[in-house]
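Reader: Got a minute to walk me through this one? I'd like to know how the pieces fit together before I set anything up.

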Amino acid sequence: MSDRTEAHVDLLDAIVDALDLPLPSIERADERLYYLLLERRAIAVRIIIESNRAVSRDPRLAADAIRTRTAEEPVSYTPFKEAKDGEVR
């Protein structure tokens with residue numbers, strides 16, 4: 001794999017990691033926080049990609065920026081957990 005291809009794969013991995021959030025619990029507040037976080041991260045990814053295309057076109061810089069932004073907004077809701085007996089919690 002070329003160096004450029006590896007950089008693009010790394011960028012795609014950063015995007016997937018940013019948008020791959022655990023499902024929220026069934027509590028309304030957790031669902032709302034989930035959707036707000038997903039929206040904020042999607043907007044951040046879009047802005048970073050657009051800025052990178054306009055300025056540097058370096059996928060490594062975009063991947064690093066996405067990871068930094070993702071770390072600044074961690075999951076702050078209770079993730080969904082299924083009990084061993086199949087009951088939703």
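**How the helices pack**

Author: Sure, let's start with one helix pair: H2 crosses H3 in a right-handed way. Keep in mind that this is a predicted model.

Reader: Okay, which residues make that contact between H2 and H3?

Author: From H2 you have Arg41, Ala44, Val45, Ile48, Ile49 and Asn52, and from H3 there are Pro59, Leu61, Ala62, Ala65, Ile66, Arg69 and Thr70. Sorted by class, this H2 and H3 contact holds nine nonpolar, two polar and two charged residues.

Reader: And what angle do H2 and H3 pack at?

Author: About 155 degrees, with the axes 10 Å apart; H2 covers residues 28-55 and H3 covers residues 59-72. Because angles over 145 degrees count as roughly antiparallel, H2 is roughly antiparallel to H3.

Reader: Let me zoom out. How many helices and strands does the protein have?

Author: Three helices and zero strands. Going from the N terminus, the order is α-α-α.

Reader: So where does H1 sit relative to H2, parallel or antiparallel?

Author: Roughly antiparallel. H1 is residues 3-19, and its axis comes within 9 Å of the H2 axis, crossing at roughly 160 degrees. On the H1 side the contact uses Leu11, Ile15, Asp17, Ala18 and Leu19, and on the H2 side Leu38, Arg41, Ala42, Val45 and Ile49. That H1 and H2 contact splits into eight nonpolar, no polar and two charged residues.

Reader: Then what about H1 and H3, at what angle do they cross?

Author: Roughly 20 degrees, and their axes come within 8 Å. That makes H1 roughly parallel to H3, since angles under 35 degrees count that way. The crossing of H1 and H3 is left-handed.

Reader: Which residues are in the H1 and H3 contact?

Author: H1 brings Asp3, Ala7, His8, Asp10, Leu11, Asp13, Ala14, Ile15 and Ala18, while H3 brings Pro59, Arg60, Ala62, Ala63, Ile66, Arg67 and Thr70. The class split for H1 with H3 is nine nonpolar, two polar and five charged.

Reader: Switching to single residues. Proline 59 keeps coming up, so is it buried or exposed?

Author: Proline 59 is buried, at 7% relative accessibility. It is part of helix H3. Setting aside neighbours within four places in sequence, proline 59 has Ala7, His8, Leu11 and Asn52 as its contacts.

Reader: How far apart are proline 59 and histidine 8?

Author: In sequence, 51 residues; in space, 5.8 Å from C-alpha to C-alpha.

Reader: Nice. Which residues does isoleucine 48 touch?

Author: Not counting residues up to four places away in sequence, isoleucine 48 touches Ala62, Ala65, Ile66 and Arg69. Isoleucine 48 sits in helix H2 and is buried, with a relative accessible area of 15%. Its C-alpha is 7.0 Å from that of alanine 65, which is 17 residues away along the chain.

Reader: And leucine 37, what's its relative accessibility?

Author: Just 1%, so leucine 37 counts as buried. Leucine 37 belongs to helix H2. Outside the neighbours up to four places away, leucine 37 touches Leu21, Glu73, Pro74, Val75 and Tyr77. Leucine 19 is 18 residues from leucine 37 in sequence, and the two C-alpha atoms are 9.1 Å apart.

Reader: Any backbone oddities? What's up with the phi of arginine 57?

Author: Arginine 57 has a positive phi of about 60 degrees, though it isn't a glycine. Most residues other than glycine have a negative phi. Arginine 57 lies in the loop between H2 and H3, and with 59% relative accessible area it is exposed.

Reader: Last topic, overall shape. What's the radius of gyration of the protein?

Author: The protein has 16 Å, whereas a compact globule of 89 residues would be near 12 Å. The C-alpha atoms fill a box of roughly 50 × 25 × 15 Å along the principal axes.

Reader: And what share of the residues counts as buried?

Author: 27% of the 89 residues. As for contacts between residues at least 6 apart in sequence, 64% join residues at least 24 apart.

Notes. Residues numbered from 1 in each chain as written. Predicted model: local features only at pLDDT ≥ 70, side-chain atom pairs only at ≥ 80, totals over all residues. Heavy atoms only, no water. Axes fitted to C-alpha atoms, helices over the stretch in contact; angles between N-to-C directions. Helix = DSSP H or I, 4+ residues; strand = E, 2+ residues; numbered from the N terminus. Parallel < 35°, antiparallel > 145°, perpendicular 65-115°, else oblique. Left-handed = near helix turned anticlockwise from the far one by under 90°. Contact = heavy atoms within 4.5 Å. Nonpolar A, V, L, I, M, F, W, Y, C, P; charged D, E, K, R; others polar. Rg over C-alpha atoms; globule rule 2.2 N^0.38 Å. Buried < 20%, exposed > 50% of the residue type's maximum accessible area, 1.4 Å probe, protein only.
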